[in-house]
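Biologist: Could you take a close look with me at one part of this structure? I would like a single connected answer that starts there and then works outward.

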Amino acid sequence: MIPPPVLCYHRIGGALELGVTRVGRSVFERQMTALARAGWRTLTLAGFANPHPATHSPRTFLLTFDDGYASLAEHAFPVLAGLGFTATTFVITDFIGRDNTWDMQYTWRRLPHLDWPEVERWQARGFGFASHGARHRRLTWLDNDAVSDELGRARATMVDHLGVDAGRAIAYPFGAVDERVQRLAGHAGHELGFAGVGGEHGSPLNLPRVPVYMWDAGDTPFGLREDGLGSVGRFVAHVANRCAVGTSLMLKLAR
Ligand SMILES: [Zn+2]
């Protein structure tokens, strides 16, 4: 059985930015509607982790959001709920209910993150939440103690607020992971770790995802296309993801 693809969005709608990770609400709505009409269905994290051969359909995917911006509750989740879709959102636990001072400032004003009441409200409606680290630090640059602190603290916060299922997975900030970070993520109690395009199918703590950037504006995001355009798009997303090294370097210098 081929593992279902995993799409990764960041911000939907809200303020325009100088970066590339924002996708407009109308583009997002058009993409999700086209996927639903084409017979695509979204998986919960549990359904992704334990695929059931009897109910397995080729057109299923895991929809994920990184960073947990507040605008998701306004522009993305209602669209998904209307289509019977769900999603898993990876939140930065130290920044829940706070502004995005961890990020490069790509927008005129700082952007707010989802707060706990909003997260709990959407969890009650069947949406999943998991860890994106405590402070969105690039784990491959930290020593073992700091990695374990980032991972362990974030996971404990998720479990405390949302229950054990919210402690199953981590999406590595910047998609940055190596064998050491995978090992530490496992020690911290994670069963699943999501990386960037460079992840490997069949390696639970280094799973691949295809990011969707602003230029990926057709009806079917590149990550779900099997044609030539799909491979080109995935390659471009891979290159762009590597560019995120630039962002974290600048952040490091800014501190
Ligand atoms: Zn992120």
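At what angle do helix α5 and helix α6 pack, and how far apart are their axes?

Modeller: Happy to! Please keep in mind that this is a predicted model. Helix α5, covering residues 116–124, packs against helix α6, residues 144–162, at an angle of about 65°. The two axes lie 11 Å apart, and α5 passes α6 in a right-handed crossing.

On the α5 side, the residues that make the contact are W116, V119, E120 and Q123. They meet T157, M158, H161 and L162 of α6. By type, the residues of this contact divide into 4 nonpolar, 3 polar and 1 charged.

A good residue to look at next is F129. Leaving aside residues up to four places away in sequence, F129 touches V119 and Q123, which both belong to the α5 side of the helix contact. F129 also touches M158 and L162, and these two sit on the α6 side of that contact. The other residues that F129 touches are F77, T89, V91, L114, W122 and A166.

From F129 we can step into the nonpolar core. The largest such core has 34 residues. F129 is listed among those with the most contacts inside this core, together with Y9, F28, F65, F77 and L80. Both α5 and α6 give two or more residues to the core, as do β1 (6–9), α1 (25–37), β5 (60–67), α3 (71–75) and α4 (77–83). The largest share, 5 residues, comes from α1. As a general background, nonpolar side chains in soluble globular proteins tend to be buried together.

Now for the stretch that leads into α6. The loop between β7 (128–131) and α6 holds H136, and D143 is found in that loop too. H136 is not a glycine, yet it has a positive phi of about 60°. H136 counts as buried because its relative accessibility is 8%, which falls under the 20% cut-off. D143 counts as exposed because its relative accessibility is 52%, and the cut-off for that class is over 50%. The C-alpha atom of D143 is separated by 9.7 Å from that of V181, 38 residues away along the chain.

Further along, F174 is another residue other than glycine with a positive phi, here near 65°. F174 is found in the loop between β8 (169–171) and α7 (179–187). With a relative accessibility of 15%, F174 counts as buried.

One more pairing joins distant parts of the sequence. V210 lies in strand β10, residues 210–211, and is buried, with a relative accessible area of 10%. The C-alpha atoms of V210 and P5 are separated by 7.9 Å, although their positions lie 205 residues apart along the chain.

Finally, here is the setting for all of this. The protein chain has 8 helices and 10 strands, and 51% of its 255 residues are buried. Among contacts between residues at least 6 apart in sequence, 65% join residues at least 24 apart. The accessible surface of the chain comes to about 11600 Å², and 55% of that belongs to carbon and sulfur atoms.

Terms used
Residues are numbered from 1 along each chain as its sequence is written. This is a predicted model: local features need pLDDT of at least 70, side-chain atom pairs count only at pLDDT 80 or more; totals for chains, interfaces and linings use all residues. Side-chain values use heavy atoms; hydrogens and water are left out. Axes are lines fitted to C-alpha atoms, for helices over the stretch in contact, and angles run from 0 to 180 degrees between N-to-C directions. Helices (H or I, at least four residues) and strands (E, at least two) are DSSP runs, numbered from the N terminus. A crossing is left-handed if the near helix is turned anticlockwise from the far one by less than a right angle, and right-handed if clockwise. Contact means heavy atoms within 4.5 Å. Ala, Val, Leu, Ile, Met, Phe, Trp, Tyr, Cys and Pro count as nonpolar, Asp, Glu, Lys and Arg as charged, and the others, Gly among them, as polar. A nonpolar core is a set of buried Ala, Val, Leu, Ile, Met, Phe, Trp, Tyr and Cys residues joined through side-chain atoms within 4.5 Å. Buried means under 20% relative accessible area, exposed over 50%, partly exposed in between (1.4 Å probe, protein chains only). Accessible areas come from the Shrake-Rupley method with a 1.4 Å probe; for residues, only the protein chains shown count as cover.
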